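Trainee: I am new to this structure and would like to look closely at a single part of it. Could you walk me through one sheet and what packs on it?

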Amino acid sequence: MAMDLLLLLVLNALTLLPNLSMSDSSVIINQLKTNNNDSRTLRIGYITARSFFGSFSTGALLGELIFRAANDFWSFHLTGINVEILYAEASVTAEESHDVRCTRVAEQLVSQDAHIIIGPATSACSEPSATIFGRHGVPQISQSATSEALSNKTRFPTFFRIPPSDANQANVLAELVGRCGWTKVGVLATTDAWGQGLVDAISISLTFHNASIVQQLLLPQGLSSSNISRAVQEFRNQAETSVNVLIALRDDAVKFIQAIIEHNMVGPGWTWLATDGIVTNTDISRSLLISLNGMLGVRPISIKGSLNTVFHNFPDRYGYTQLTRDASVPSFAARLFDAVTAAQLAANKALSWNGTTQDRRLTLVNQLRSYNSISNGFPAASQDVIFFDANQ
């Protein structure tokens, strides 16, 4: 069942698996790697978005530190892999959409002869970039893009990701609605690929629980606080249900929550369900969360895999380990570490590293595809085993 795949925060029903000792982790690392006699240069393209409609993104800065630390980790443990990092900035503005900016960034990395791509973090940027990378045979691994559309291997043949798709999240939310006996649900969401895709997935899942979406507020990303506030007020005035799902990322999530509080849509008489874009949003202040006391949220299960502790305690050059004292960081960090792990292990295990850039891309794609089941996967930090099956 989907409830087994995602953590329902209100129930807090997850028991974390015990971590292996550092020595056990070292044994696992030694078993993972292949000792090659040749030196291999691996060009990794890293797509990041340092701002969101003009607002600086703290999460992007942390992501870059984690990405560097993860490569530092594997440079220490894997001999013969020389990593060259190609950075690509994919921040979206009001003047340039995801489709335009992320397509251009993907074409840039292809022209720079990147062998493999890590990122982007969002589905809205992953879809247009995956189209370009698929066309050129470049493997791409996203640490957090969850749009169900990205599971289409015909459209995105070289796209891989660490978390499950939003089909699981939609099923959990719909099951919660059904168990609580609610039949009418409202949705407030952004219209990017992730937001709209999740709205569609939830709508389908609700039908299996005798419920439906009766009211929607769908807004483009990057609107001002005043515009969102007016839209939320109108939504409230026309409310058909007091049970609502909130779907938004980054600053948009903050603005939605501020508007909800401003128009007194909290407390008795209101029920709010939050998607992972809300639950894992580091930009939402504690005071806002307190005002939303009682909101129910879902997010991917945070299982500490066998490489979790050894990575978070690794003395990297970037001081990343100091950040692990913040409990909100390791879960996000582990998935990014796993994306880097997949890239580096694929290069390490390739039987040959000869030929052209295109030959190496194909080699990496085939190696990643070989991790196609739990028995053929690799130990990780965010969960016990990472593998890329046809549904991922």
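Mentor: Happy to; what follows is a short tour of one sheet, with a glance at its surroundings. Please keep in mind that this is a predicted model. The protein has 13 helices and 15 strands, and 54% of its 392 residues count as buried.

Now to the sheet itself. Five strands form an open sheet, and if you step across it you meet them in the order 5-2-6-7-8, paired in parallel. Its edges are strand 5 (81-89) and strand 8 (159-161), each of which pairs on one side only. From one strand to its neighbour the direction turns by 25° on average, direction ignored.

Let us stop at the strand 8 edge. Here strand 7, residues 140-142, pairs with strand 8 in the parallel sense over 3 bridges. To find the place by residue, look for Gln140, which stands opposite Phe159 in strand 8.

Next, look for helix 3, residues 98-111, which packs on the sheet. This helix touches strand 2 (40-48), strand 5 and strand 6 (116-118), and its direction makes about 150° with that of strand 5.

Once you know this sheet, you can try another parallel pair: strand 9 (residues 184-190) and strand 10 (residues 212-219) are joined over 7 bridges. Leu188 has Leu217 in strand 10 as its bridge partner. Together with helix 6 (residues 193-206), strands 9 and 10 make a right-handed β-α-β unit.

Note on methods:
Residues numbered from 1 in each chain as written. Predicted model: local features only at pLDDT ≥ 70, side-chain atom pairs only at ≥ 80, totals over all residues. Heavy atoms only, no water. Pairing = 2+ DSSP bridges. Helix = DSSP H or I, 4+ residues; strand = E, 2+ residues; numbered from the N terminus. Axes fitted to C-alpha atoms, helices over the stretch in contact; angles between N-to-C directions. Contact = heavy atoms within 4.5 Å. Right-handed = clockwise from strand over helix to strand, strands pointing away. Buried < 20%, exposed > 50% of the residue type's maximum accessible area, 1.4 Å probe, protein only.
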